[in-house]
Number of protein chains: 2
Amino acid sequence: MSILIVGSTALDSIKTPKAENPRLLGGSASHAAVAACFFGPVRLVGVVGSDFPKRYLQLYRRHRIDLAGLQILPGKTFHWSGEYEVNMNNRRTLLTELGVFETFTPTLPRAYQTSQFVLLANIAPALQLHVLNQMKRPRFVVADTMDLWLNIALPDLLKLLKRIDGCVLNDSEAHQLTKADNVFAAIRKIHQFGPKYVVIKKGSHGSILSGPRGFFLCPAYPLPRVVDPTGAGDSFVGGMMGYLAAAKGSIDENIRRAMVFGSVTASFCCEGFGLTRTTHVRRAQIDRRVKELEKLTRF
Amino acid sequence: MSILIVGSTALDSIKTPKAENPRLLGGSASHAAVAACFFGPVRLVGVVGSDFPKRYLQLYRRHRIDLAGLQILPGKTFHWSGEYEVNMNNRRTLLTELGVFETFTPTLPRAYQTSQFVLLANIAPALQLHVLNQMKRPRFVVADTMDLWLNIALPDLLKLLKRIDGCVLNDSEAHQLTKADNVFAAIRKIHQFGPKYVVIKKGSHGSILSGPRGFFLCPAYPLPRVVDPTGAGDSFVGGMMGYLAAAKGSIDENIRRAMVFGSVTASFCCEGFGLTRTTHVRRAQIDRRVKELEKLTRF
């Protein structure tokens with residue numbers, strides 16, 4: 001089944017202690033879409049400027065990503081620039097140029113409105129709500145977010161949480177949202193905001209699902225070298241939703257494996273700058289790492 | 001098979017944002033011994049002063065802990081006092097009174113010298129070496145340590161690492177020891193120091209084993225409320241070694257489950273101050289949580 005993904009489509013300039021990479025393809029929707037496309041067709045909703053490199057459009061298309069929902073407007077593409085510290089965990093934003101993103105109003109092509117699986121990737125919650133309002137009875141809607149929206153758009157975010165099936169947060173965001181120091185206490189509070197499924201991302205420590213069938217402790221694939229973690233969280237949720245949209249059976253039957261597939265897709269993302277590694281991965285490599293993770297966690 | 005445990009036997013005064021508990025039974029060997037005793041007989045090597053409460057000796061005995069190796073010397077028992085922050089992760093030491101520990105020289109009773117399983121719980125590496133020198137061909141020796149010894153006794157610690165089968169460190173200590181930011185890179189370097197088995201503790205994020213059969217990602221039992229994490233690491237390694245000593249078959253066949261049992265034992269430790277919760281746990285409760293963890297990690 002087709003999955004609709006809305007989020008940011010951007011150019012990322014990423015500095016790490018070892019290298020500098022200007023104007024890579026980035027943004028939450030780009031990472032999520034490329035991750036999801038391993039499992040089935042993807043519909044992308046986003047906006048780029050007239051400066052958006054043609055090769056990135058070709059990259060989307062090569063990955064079977066439907067671009068009917070991608071607006072190309074006069075002006076500049078959203079540009080983010082950030083720098084990572086040696087440990088690759090802490091990053092600081094050097095520059096944010098919103099460009100055409102500043103006035104972005106996602107309008108869904110008619111065909112998109114009946115998508116069964118909807119991933120509201122990280123973007124202003126007002127825009128996530130705007131997309132959700134255009135959907136016709138989707139089967140499973142998941143939203144990702146970031147600390148910025150907790151700080152400047154909390155009322156919108158709370159409105160959104162009431163209307164989605166699942167939300168994805170990293171652990172520090174969960175603490176910020178709930179004021180609970182303990183992650184399992186935080187999860188309980190997040191359920192009270194609305195979502196039946198709560199997924200907490202913990203980076204290299206894996207992730208936690210809380211849903212109708214209880215908790216699931218999802219491992220992260222062991223990586224001896226992280227080149228660039230930008231987009232790993234987006235890849236995780238993109239892979240998870242892509243797997244779910246493609247799988248037969250109920251959400252509850254599939255969501256654990258979906259998270260593991262998301263986790264593995266995210267592991268590839270970390271092995272290269274931007275999307276450079278993920279876009280060269282084949283599905284068989286993902287399957288292999290999932291099998292490995294099964295062995296690494298069995299006792 | 002009997003397991004020998006050497007380490008600190010202390011009185012802990014623990015302050016958390018919610019409570020204050022003076023002079024609880026503590027120390028690395030106390031926590032490890034109580035954890036190990038769920039699985040089989042334990043031989044304790046340590047030292048306490050004449051002020052050591054009788055009820056704590058009775059507590060050891062009630063747990064089938066052999067005290068032939070526990071010296072009771074004139075003077076004061078080692079007393080540690082610490083305070084936890086709200087998030088229960090950061091703690092600071094308020095006071096350390098070494099007492100009789102200052103001149104402690106562990107001398108093993110003859111019967112102890114042939115123990116097959118040896119846990120050198122957290123204590124000065126010179127003392128760990130001193131105990132190891134008295135052992136006659138033990139089957140499996142594991143040492144735990146702490147940041148203090150990395151700072152003030154690194155040469156001794158490196159000497160020790162050459163002579164043990166396994167070492168247990170938390171992630172920040174692994175980084176400190178190896179200067180590697182990535183935990184899997186750190187593990188590789190620690191193997192080069194000697195140990196065939198490296199276990200990295202990551203608190204609520206679980207633990208990682210690296211051994212002859214590769215990695216194992218060991219989960220932590222989900223706890224919605226942590227009362228006091230003091231001794232959790234000691235409980236983990238104590239439970240792990242206790243399980244291993246009691247299990248039939250090879251180390252490699254058993255070590256994964258051993259870690260899970262250690263992890264669960266540590267989860268109980270966190271649910272009460274000092275040893276107050278662990279000492280009231282029954283083996284069946286441990287088995288139940290291990291089964292739960294199997295379900296929580298299956299995909």
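Okay, so buried area, the way I'll use it today, is the accessible area that two parts lose on being put together, summed over both. Keep in mind that this is a predicted model.

With that in hand, let's look at where chain B meets chain A. The area buried between the two is about 2500 Å², and carbon and sulfur atoms give 62% of that. Who are the big contributors on the chain B side? B:His205, B:Leu217 and B:Phe299 supply 30% of the area that chain B buries against chain A, more than any other three residues. If you'd rather think in contacts, 32 residues of chain B are in contact with 32 residues of chain A.

What about the polar side of things? Between chain B and chain A, the rule finds zero salt bridges. What the rule does find across that interface is 12 residue pairs in polar contact, both partners at pLDDT 80 or more.

Now, which elements does chain B bring to that surface? Helix H7 (183-193), strand S13 (214-218), H9 and H10 of chain B each supply at least two residues of the side that touches chain A. The largest share, six residues, comes from H10(B).

So let's spend a minute on that helix. H10 of chain B runs over residues 283-297, which is 15 residues. From first C-alpha to last, H10(B) reaches 21 Å, close to the 21 Å expected at 1.5 Å a residue. Its buried residues are B:Gln285, B:Ile286, B:Arg289, B:Val290, B:Leu293, B:Leu296 and B:Thr297. Look down the axis of H10(B) and those buried residues fall within an arc of 140 degrees, so they line one face of the helix. As a reminder, an α-helix has 3.6 residues a turn, so residues three or four places apart point the same way. Over on the other side of H10(B), you've got B:Arg288, B:Lys291 and B:Lys295, which are exposed.

What covers the buried residues of H10(B)? Both chains chip in: the cover includes strand S13 (214-218) and helix H9 (251-270) of chain A, together with helix H9 (251-270) of chain B.

Last stop, a single residue: B:Phe101. You'll find B:Phe101 in the loop between strand S7 (91-97) and strand S8 (117-120) of chain B. Buried or exposed? At a relative accessible area of 12%, B:Phe101 comes in under the 20% cut-off, so B:Phe101 counts as buried. Leaving aside neighbours within four places in sequence, B:Phe101 is in contact with B:Gly7, B:Ser8, B:Thr9, B:Val47, B:Phe78 and B:Ile123. And B:Lys76, 25 residues away from B:Phe101 in sequence, is 8.5 Å away in space, C-alpha to C-alpha.

Terms used:
Residues numbered from 1 in each chain as written. Chains lettered and ligands numbered in written order. Predicted model: local features only at pLDDT ≥ 70, side-chain atom pairs only at ≥ 80, totals over all residues. Heavy atoms only, no water. Helix = DSSP H or I, 4+ residues; strand = E, 2+ residues; numbered from the N terminus. Buried < 20%, exposed > 50% of the residue type's maximum accessible area, 1.4 Å probe, protein only. Contact = heavy atoms within 4.5 Å. Expected span 1.5 Å × (residues − 1). Arc of directions from axis to C-beta. Buried area = accessible area lost by both parts, 1.4 Å probe. Salt bridge = Lys/Arg side-chain N within 4 Å of Asp/Glu carboxyl O. Polar contact = N/O pair within 3.5 Å; in protein donor to acceptor, adjacent residues only side chain to side chain.
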